[in-house]
Amino acid sequence: MSEEAGPTLVVYDDPSDQRSLSLDDTSSTEESPDETRLSLETTNDAIPYIGQRFATHDAAYEFYSEFAKRCGFSIRRHRTEGKDGVGKGLTRRYFVCHRAGNTPTKTSNESKPQRNRKSSRCGCQAYMRISKTTELGAPEWRITGFVNHHNHDLLEPNQVRFLPAYRTISDTDKSRILMFAKTGISVHQMMRLMELEKCVEPGYLPFTEKDVRNLLQSFRKLDPEEESIDLLRMCRNIKEKDPNFKFEYTLDSNNRLENIAWSYASSVQSYEIFGDAVVFDTTHRLTAFDMPLGIWVGMNNYGMPCFFGCVLLREENLRSFSWALKAFLGFMNGKAPQTILTDQNMCLKEAIAMELPTTKHALCIWMIVGKFPSWFNAVLGERYNEWKTEFFRICNLDSIEDFELGWRDMVNSFGLHTNRHIANLYGLRSLWALPFLRTHFFAGMTTTGQSKSINGFIQRFLSAQTRLAHFVEQVAVAVDFIDQAGEQQTMQQNLQNICLKTGAPMESHAAMILTPFAFSKLQEQLVLAAHYASFQMDDRFLVRHHTKAEGGRKVYWVPREGIIGCSCHYFEFSGILCRHALRVLSTGNCFQIPDRYLPIRWRRISTPSAKLLQSTPSDHTERIQLLQSMVSSLVTESAKSKERVDLATEQISILLSRIREQPVSLQGMRDVSSIHRNL
């Protein structure tokens, strides 16, 4: 909107105010008054006019700011003037258009990088001047100069709100934003929530996403030493409330925080059962604090990620990684995982060899694949997708011999003999190629589907970051949220009717013992087993697909001892029996899978509550947690048939009557209150 109401010039009503305004000069100069002309719009109090009075200069500024917003521009405070003599105070102020003046030239400093920021200043002469007067006794401010002529286009109403002067975040909104940030939601989600709360259309809040990010960033610009002190204080406070919370830290030679690691009681409990295979993801950073972040993650018996621990490091070197692994082992009572998956980091590789000598180290294939576009897209061009398909085929081959042959053919076919990334990958092939890893247990975390699940799990911790001290709380909130979501998914899985596909006794037996997630994996193998033929040799069986006349897998079976093994090593890799072994068991009239091939970590009872059943908890809180878990299992098992529901209802009614006859303690009342809050 361009406003051309004629050149509304300055009008003086006091000879002492006959001064000119040079918007590029901060000094005050005396000049002869220009020719004056009274605006025809001065009768409207919504428009500034000469002689208009205000109680304070701030009131005058607010008035002019509202006028500017309606017209399509914003204002800023430009210059102040005072009378000669000490203590006389401020007597005159200038408010100018935000595009007044010219862009100041900055002296270049080679040691300090310059920000290439464009200026909107264009020498606009629009302004309003106010002067202090005491004519009526009480001091007041009145307009003594006003120019409303602009040398630039004015903005439309739907555009002017984006000017910085009108983008403000109230104290109430700031509090809401900080609260949202602690929960870990993204800035975009914060904006959407506040739009819904305020009933405004999307994009019509008085601030933008950039303003919110700047606000969060301003809270991070604190003294690093103060941040470290607050972080340690936060951890100690959590430790006082929850003695099972664990944390370790190191200080440098200047007594400043260097590294810190922590884990929660529920995480240690989960690790006892599901800590056989672990992902240690160190590819993320807390960008607000420029600190590498490491997260230990596993997979539970329902195929969902579970959190084990967190570490913040000052540097990514051998010493830091070694300390982190030692701290993690300390949290987990010295129990090392069977396998650990990490990124391609040589310092971390060396640290694992030192601190976890009995643990099989492997590289996360999905982390490697994520780098492929930057490594090979430009090199291979249109053949990139073709090469990627061939890479995955080779990676999933059965034998090391087939892998070596396939790799050589791939390099020759795509002309990658001199590519350094290909050379590095080949040098580390024993750490990522499946033919080299099949004899080790990875709980299925090498698959693409599970990698996406784990990555999404980790992203919850990184979606929003405020102060460093609050990050421990944010992780706790995210872990608690994921645990609750996991419990809900677990119940949904258990309530689903399991569909048997083969009718084999082995299938129905496994369905009662394994979780739905694990059973679905076994069921796939049972269905495929029907397509295989078995041939008994001297001390083993040869199993191959019915359409093939050669090759096959060697299966060893000792019926008396209930021991079976296959050359494909599928059970060792996933904890699920393969189609070849299942075919031999079926041929040998075996109607139940041997107990040792239904691992505890994949069973329905393999939960933290089952672990508690093995001990006698003396702490009242632990007993309540055990009871909650048992009730959950009771509901799950009872829902499977009408007869079970009727039996459970009858017995629980009797049990409740007996329980209500028992006395109630004060501690028990507190725990009941806590349970209601959790529910």
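Here are legends for a few views of this structure, which is a predicted model.

**View 1. The whole chain, to get your bearings.** Start with the full chain, which has 679 residues, 44% of them buried. You can trace 24 helices and 16 strands along the way. If you look at contacts with a separation of 6 or more, 61% of them link residues 24 or more positions apart. On the outside, the chain exposes about 37,300 Å², and carbon and sulfur atoms supply 52% of that.

**View 2. A nonpolar patch on the surface.** Here we look at Leu634, Ile652, Leu655, Leu656 and Ile659, which together make a nonpolar surface patch of about 400 Å². Helix 23, running over residues 642-660, gives the largest share of this patch, with four residues. Leu656 is one to pick out: it is found in helix 23. Because its relative accessibility is 36%, Leu656 counts as partly exposed.

**View 3. Phe372 and its neighbours.** Now find helix 11, residues 372-380, where Phe372 has its place. Is Phe372 buried or exposed? With a relative accessibility of 0%, Phe372 counts as buried. Leaving aside residues up to four places away in sequence, Phe372 touches Asn377, Tyr384, Trp387, Phe391 and Leu425. Check Lys388 as well: Lys388 is 16 residues from Phe372 along the chain, yet their C-alpha atoms are separated by 8.5 Å.

**View 4. Ser74 in a loop.** This one takes us to the loop between helix 1 (57-71) and strand 2 (75-82), where Ser74 lies. You might wonder why Ser74 counts as buried. The reason is its relative accessibility of 4%, since buried means under 20%. And what does Ser74 touch, not counting residues up to four places away in sequence? The answer is Ala68, Val96, Cys97, His98, Leu163, Ala165 and Tyr166.

**View 5. A cavity and its lining.** Rolling a probe the size of a water molecule over the atoms shows where empty space is left. Searching the whole structure this way turns up two cavities of 30 Å³ or more. Shown here is the second largest cavity, with a volume of about 50 Å³. Which residues line the second largest cavity? Leucines in the lining are Leu341, Leu363, Leu431, Leu434 and Leu437, and the tryptophans are Trp366 and Trp432. Cys364, Ile365, Met445 and Thr446 complete the lining.

Methods
Residues numbered from 1 in each chain as written. Predicted model: local features only at pLDDT ≥ 70, side-chain atom pairs only at ≥ 80, totals over all residues. Heavy atoms only, no water. Patch = residues over 30% accessible without salt bridge, like charges linked within 9 Å, V, L, I, M, F, W, Y side chains within 5 Å. Areas by Shrake-Rupley, 256 points an atom, 1.4 Å probe, with all protein chains shown as cover. Salt bridge = Lys/Arg side-chain N within 4 Å of Asp/Glu carboxyl O. Helix = DSSP H or I, 4+ residues; strand = E, 2+ residues; numbered from the N terminus. Buried < 20%, exposed > 50% of the residue type's maximum accessible area, 1.4 Å probe, protein only. Contact = heavy atoms within 4.5 Å. 1 Å grid on protein atoms, 1.4 Å probe; cavity = no way out; pocket = protein on both sides within 12 Å on 5 of 7 lines; lining within 4 Å. Points joined across faces, edges and corners; volume = space filled by probe spheres on them.
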